[in-house]
Amino acid sequence: GIALVKRTPATVTPITGLGATARASNDVNAIQLDPCDGRVWIGGITASAGRIDTFTVNGTAVANFTAVGNTGNSSSVSSIAFDINGNAICSSGAINSTGGLYRVDRKTNVITRIVGGPTWTGQAGTCNCVCTDNSGNLYFGVTGAPATVYQLPPGPNGDYAGVPTVVGTVS
């Protein structure tokens, strides 16, 4: 399930109603607050593998639930970040196969893989995390021994059509 955590005073309040939505499941593996409009973005696992949905919170209940879409790779959505244009970027699945990094257009909800697939020439493994910096660079990790961390800068149009570069490894 999902809980609202407040720092002061320290409280944890369960958010109810997710199971009553079109998702029909509390299978949540990734969660991120939208920096533009305050929606909550969630990525699925298990019965909801590959699903990406959004909602708002009304008091202690899910409201305005939107079934955004599915990555189509049958893997869990392991993390969610936001690109320089405010689009959700999700990591999911085997990067050298059906997984990678997926961009969710915030206006149309179209989900497009921007990194990965059978032509991926980097480290094989699960695309397991993604984050961004203030310049809009995406950083993502691929599991393995060692695990490789890549950087993907935004192009002149704010797209991410370039080639990721290795910035380090984690043992």
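Okay, let's start with a pocket. The lining of the second largest pocket splits into five nonpolar residues, five polar ones and no charged ones. Keep in mind as I go that this is a predicted model.

So which residues line that second largest pocket? They are Ile-114, Val-115, Gly-116, Thr-119, Trp-120, Thr-121, Gly-122, Gly-162, Val-163 and Pro-164. Its volume comes out at about 170 Å³.

Now the largest pocket. You get about 210 Å³ of space in there. Its lining has a composition of nine nonpolar residues, one polar and no charged. The names to look for are Ile-2, Ala-3, Leu-4, Ile-15, Ile-31, Gln-32, Leu-33, Val-40, Phe-55 and Val-57. If you'd rather go by strand, S1, S3 (28–33) and S5 (51–58) each put at least two residues into that lining.

Let's stay on S5 for a moment, and take two residues there. Asp-53 belongs to strand S5. Is Asp-53 buried or exposed? It has 0% relative accessibility, so it counts as buried, the cut-off being under 20%. What does its side chain do in there? The side chain of Asp-53 makes a polar contact with the side chain of Arg-51, at 2.8 Å. If we skip the neighbours within four places in sequence, Asp-53 is also in contact with Arg-23, Val-40, Trp-41, Ile-42, Phe-65, Thr-66, Ala-67 and Val-68.

Then there's Thr-54, also placed in strand S5. Thr-54 is buried too, with a relative accessible area of 1%. Not counting residues up to four places away in sequence, Thr-54 touches Arg-39, Val-40, Trp-41, Asn-64, Phe-65, Thr-66 and Val-68.

Asn-64 was on that list, and I want to stop there. Asn-64 is found in strand S6, residues 61–70. Unlike the buried Thr-54, Asn-64 is exposed, with a relative accessible area of 60%. Its backbone is worth a look as well: phi is positive, about 50 degrees, although Asn-64 is not a glycine. For background, most residues other than glycine have a negative phi, and most peptide bonds are trans.

Where else do we find a positive phi in a residue other than glycine? At Asn-109, where phi is near 65 degrees. Asn-109 is in the loop between strand S9 (100–104) and strand S10 (111–115). With 22% relative accessibility, Asn-109 counts as partly exposed.

On to the peptide bonds. The one from Thr-8 to Pro-9 is cis, with omega near -10 degrees. You'll find Pro-9 in the loop between strand S1 (2–6) and strand S2 (11–15). The bond from Ala-145 to Pro-146 is cis as well, with omega near 5 degrees. Pro-146 sits in the loop between S12 and S13.

Those two strands bring us to the inside of the protein. How many residues does the largest nonpolar core have? It has 14, and the ones with the most contacts inside it are Ile-95, Leu-101, Val-115, Trp-120, Val-130, Phe-140 and Leu-152. S11, S12 and strand S13 (147–152) are the elements that give two or more residues to this core. The largest share, three residues, comes from S12. You may recognise Val-115 and Trp-120 from the lining of the second largest pocket.

Let me pick Val-130 from that core. Leaving out neighbours within four places in sequence, Val-130 is in contact with Ser-79, Ile-80, Ala-81, Ile-89, Ser-91, Leu-101, Tyr-139 and Phe-140. Apart from this core lies another one, of 10 residues, and among them are Ala-30, Trp-41, Val-68 and Cys-90. Trp-41 and Val-68 came up earlier, by the way, as contacts of Asp-53.

Last stop: Asp-133. It lies in the loop between strand S11 (127–132) and strand S12 (138–142). Asp-133 is partly exposed, with a relative accessible area of 26%. Which backbone nitrogen does its side chain reach at 3.0 Å? That of Ser-135. The backbone nitrogen of Asn-137 also lies 3.0 Å from a polar atom of the Asp-133 side chain. And for a sense of distance, the C-alpha atoms of Asp-133 and Gly-19 are 33 Å apart, with their positions 114 residues apart along the chain.

That's my tour, thanks everyone.

Notes:
Residues are numbered from 1 along each chain as its sequence is written. This is a predicted model: local features need pLDDT of at least 70, side-chain atom pairs count only at pLDDT 80 or more; totals for chains, interfaces and linings use all residues. Side-chain values use heavy atoms; hydrogens and water are left out. Helices (H or I, at least four residues) and strands (E, at least two) are DSSP runs, numbered from the N terminus. Buried means under 20% relative accessible area, exposed over 50%, partly exposed in between (1.4 Å probe, protein chains only). A polar contact is a pair of N or O atoms within 3.5 Å; within protein, one must be able to donate a hydrogen and the other to accept it, and residues adjacent in sequence count only if both atoms are side-chain atoms. A nonpolar core is a set of buried Ala, Val, Leu, Ile, Met, Phe, Trp, Tyr and Cys residues joined through side-chain atoms within 4.5 Å. Contact means heavy atoms within 4.5 Å. On a 1 Å grid over the protein atoms alone, a cavity is a set of points where a 1.4 Å probe fits but cannot get out, and a pocket is an open set with protein on both sides within 12 Å along at least five of seven lines; lining residues have an atom within 4 Å of a point. Grid points are joined across faces, edges and corners, and a volume is the space filled by probe spheres set on the points. Ala, Val, Leu, Ile, Met, Phe, Trp, Tyr, Cys and Pro count as nonpolar, Asp, Glu, Lys and Arg as charged, and the others, Gly among them, as polar.
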